[in-house]
Amino acid sequence: MSPLAVTANPSVWIAGDAGLVEVVIVRRKRKRLALVVEVDGEVQCRIPKRCAHYAAKAFILEHQDWVFRAIARMKGRAVRPRPQFAEGAIHYFLGHGYHLKTRADLPGKAQIRQSDLIVRALPDAPMQIQMRLENWYRTQAMLIFNRRLSALVERFDLPMAANLKIRKMKAKWGSCSQSGVITLNLWLITQDIKAIDYVILHELCHLKHFDHTPAFYGYLAGFMPDWRAHKALLV
Ligand SMILES: [Zn+2]
């Protein structure tokens, strides 16, 4: 359940081998019913505004096997728990996990030293640690995403994005607008560099094919034949 939810959405519980699962019913401006497993593990049934509750329930029960399969798939990908901003907590950078440490007199916001990610902060100031760490992630993301974007454009002779933006996103690693602006999820910087390349290349390919048709994937595979292996690194 999302801690940000102000009004509680109705839900339906389904039972499988792995236990009970809550499916939250979310009304949206849309035409069809759909089941979605969010990155934080919440299962949603998105329904049109005027759809009856019993219709949503019937749809969920009809597709409960899909829900259990999707959850199992996500568990296989080891969804990380909420990050902790305390000494010893594991934080990721370019696919590697580091132990968080603090040092009040560190030059710069943060730095990696062997298996430690050291942040300039007081040990018992989680908000300060979070802020400094996020700032550092953003600086690194700016640098590394821009460098990889240019490298891929040059290597495959692709059109350049109109702009590169970095944003914290909940459910997407990247997106591309009709006007050619590529937006990357800040947390992509925690992923393996091969996975980062895949996401950037995927968005660059949208500059030519603004969809997910076989033509799009054919175009993408022309540059990165093993894109599935790259994508599978995303956790
Ligand atoms: Zn896409």
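**Two loops, a sheet and a helix crossing**

Gln 114 sits in the loop that links strand E7 (110-113) to strand E8 (116-119). The model is a predicted one, and this loop is a handy place to start looking around it. Gln 114 is not a glycine, yet its phi is positive, at about 50°. Most residues other than glycine have a negative phi, so a value like this deserves a second look. As for its surroundings, Gln 114 has 6 other C-beta atoms within 10 Å, and it counts as exposed because the cut-off for that label is 12 or fewer.

The two strands on either side of this loop pair with each other. E7 and E8 run antiparallel, and four bridges join them. One of the bridges can be picked out by residue: Ala 110 is partnered by Val 119 in E8. Strands of a sheet pair through backbone hydrogen bonds, either parallel or antiparallel.

Zooming out a little, E7 and E8 belong to an open sheet of four strands, laid out in the order E5-E6-E8-E7. The pairing within this sheet is mixed. Which strands stand at the edges? They are strand E5 (90-93) and E7, and each has a single partner strand, so one side of each has no neighbour in the sheet. From one strand to the next, the twist averages 40°.

A second positive phi turns up further along the chain, at Asp 157. This residue, also something other than glycine, has a phi near 55°. Asp 157 is found in the loop between helix H3 (126-156) and strand E9 (163-167). Is Asp 157 buried or exposed? It is exposed, since 7 other C-beta atoms lie within 10 Å and the limit is 12 or fewer.

That brings in H3 itself, which meets another helix. The axes of H3 and helix H4 (residues 193-205) come within 10 Å and cross at roughly 60°. With that angle, H3 is oblique to H4, because the roughly perpendicular range runs from 65 to 115 degrees and roughly parallel means under 35. The crossing of the two helices is right-handed. On the H3 side, the contact is made by Phe 145, Arg 148, Leu 149, Leu 152 and Val 153. H4 brings Ile 196, Asp 197, Ile 200, Leu 201 and Leu 204 to the contact. Sorted by class, the contact of H3 with H4 comes to eight nonpolar residues, two charged ones and no polar ones.

Note on methods. Residues are numbered from 1 along each chain as its sequence is written. This is a predicted model: local features need pLDDT of at least 70, side-chain atom pairs count only at pLDDT 80 or more; totals for chains, interfaces and linings use all residues. A residue is buried if 20 or more other C-beta atoms lie within 10 Å of its own, exposed if 12 or fewer, and partly exposed in between; C-beta atoms are placed from the backbone. Axes are lines fitted to C-alpha atoms, for helices over the stretch in contact, and angles run from 0 to 180 degrees between N-to-C directions. Angles under 35 degrees count as roughly parallel, over 145 as roughly antiparallel, 65 to 115 as roughly perpendicular and the rest as oblique. A crossing is left-handed if the near helix is turned anticlockwise from the far one by less than a right angle, and right-handed if clockwise. Two residues are in contact if their C-beta atoms, placed from the backbone, lie within 7 Å. Ala, Val, Leu, Ile, Met, Phe, Trp, Tyr, Cys and Pro count as nonpolar, Asp, Glu, Lys and Arg as charged, and the others, Gly among them, as polar. Two strands pair if DSSP finds at least two bridges between them.
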